[in-house]
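Trainee: Got a minute to walk through this one with me? I'd like to start with charged pairs.

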Amino acid sequence: DMWVYNGSTGAVLLRETNHASGTLREYPVVADVDRDGDAEIVLPDNNYARTGWDGLHILGETGDRWASAQTVYSQYDWSATAVDPDMHVPAAPVAPWSLGYGWRQNASWSEEPDGAPDVAPIILGACEDCQADVLTVYVSVENTGAVFTPEDLPIALYAVNGAARTLISRTTVGEEVFPGERLAPMTFSVPFASVGADGLVVVVDDDGSGGTQNECDEGNNEDTWDEPICP
């Protein structure tokens, strides 16, 4: 079995019984393998000696609530300062224990390992094409949290009619949003007929059915636009 323990108390946090191993050279690796800002566990398995999984399995937390981790874990005898995130090998690496890291303990790329992103959309304005009956909405996304967001972070645009919202368009932000960063504006082109009687609302971390990104503040994920358009 694979076990995860609380390092302070020894309490069992996870016991994965599907793992199988003949106990040769395999061992779990903690790293951010999908570049979503959060750690995953890379678990090598082989079932030649015991029944269970075979191959490689990646275990992650569905709510993105695990600590952040570097995307690099380059060798068996790993220390967090032995290889830089860009794979450069320093000539005189800093002793990992001087920075609070133990042997084989991966580093967080953030100063707040247990932090989270906090993304918010900002409608910068809208441009009307009265001849084509098209409204172009300019939206930026900013991150005031401590962890970057993945490039496939969804964003959706809705028409607002009273309490009702109708999905008009959905896409992804298209690039990582790092802490303290505000992206260049993206655009949504909307036919006048699709604009709600009470305008539009743009929602980040929303694919049309809700979001999954764990954030510091889940209450600032939308911005509204409600101005007169061409008569």
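Trainee: Which residue does Arg35 form a salt bridge with?

Mentor: Glu176. The closest N and O atoms are 2.4 Å apart. A salt bridge here is a side-chain nitrogen of Lys or Arg within 4 Å of a carboxyl oxygen of Asp or Glu.

Trainee: Where do the two sit in the chain?

Mentor: The pair links distant parts, 141 residues apart. Arg35 is in the loop between strand 3 and strand 4. Glu176 is in the loop between strand 9 (164–172) and strand 10 (181–182). Strands are DSSP runs of E, at least two residues, numbered from the N terminus.

Trainee: What kind of model is this, and how are things counted?

Mentor: It is a predicted model: local features need pLDDT of at least 70, side-chain atom pairs count only at pLDDT 80 or more, and totals for chains, interfaces and linings use all residues. Residues are numbered from 1 along each chain as its sequence is written, and side-chain values use heavy atoms, with hydrogens and water left out.

Trainee: Back to the pair. Is Glu176 buried or exposed?

Mentor: Buried, at a relative accessible area of 18%. Arg35 is partly exposed, at 36%. Buried means under 20% relative accessible area, exposed over 50%, partly exposed in between, with a 1.4 Å probe and protein chains only.

Trainee: How many salt bridges does the whole structure have?

Mentor: Five. One of them joins Arg15 and Asp1, with the closest N and O atoms 2.6 Å apart. Arg15 lies in strand 2 (residues 12–16) and Asp1 in the segment before strand 1 (2–5), so this pair ties together parts 14 residues apart in sequence. Arg15 is partly exposed at 48% relative accessibility. Asp1 is partly exposed too, at 41%.

Trainee: What about Arg165, which side chain does it meet?

Mentor: That of Glu222, in a salt bridge at 2.8 Å, N to O. Arg165 is in strand 9 and Glu222 in strand 13, so the pair ties together parts 57 residues apart in sequence. Arg165 is partly exposed, with a relative accessible area of 42%. Glu222 is also partly exposed, with 38%.

Trainee: And Asp118, where is the nearest side chain of opposite charge?

Mentor: That is Arg182, 12 Å away. Asp118 is buried and has no salt bridge. For charge, Lys and Arg count as positive and Asp and Glu as negative; His and the chain ends are not counted.

Trainee: Then what does the Asp118 side chain make a polar contact with?

Mentor: The side chain of Asn220, at 3.3 Å. A polar contact is a pair of N or O atoms within 3.5 Å; within protein, one must be able to donate a hydrogen and the other to accept it, and residues adjacent in sequence count only if both atoms are side-chain atoms. Asp118 itself is in the loop between strand 5 and strand 6 (119–129).

Trainee: Switching topic. What order do the strands take in the open sheet of three?

Mentor: The order is 3-4-5, with antiparallel pairing. Strands pair if DSSP finds at least two bridges between them. Strand 3 (29–31) and strand 5 (55–59) are at the edges with a single partner strand each, so one side of each has no neighbour in the sheet.

Trainee: How many bridges join strand 3 to strand 4?

Mentor: Three. Strand 4 covers residues 40–45. Val30 has Ile41 in strand 4 as its bridge partner.

Methods
Helix = DSSP H or I, 4+ residues; strand = E, 2+ residues; numbered from the N terminus.
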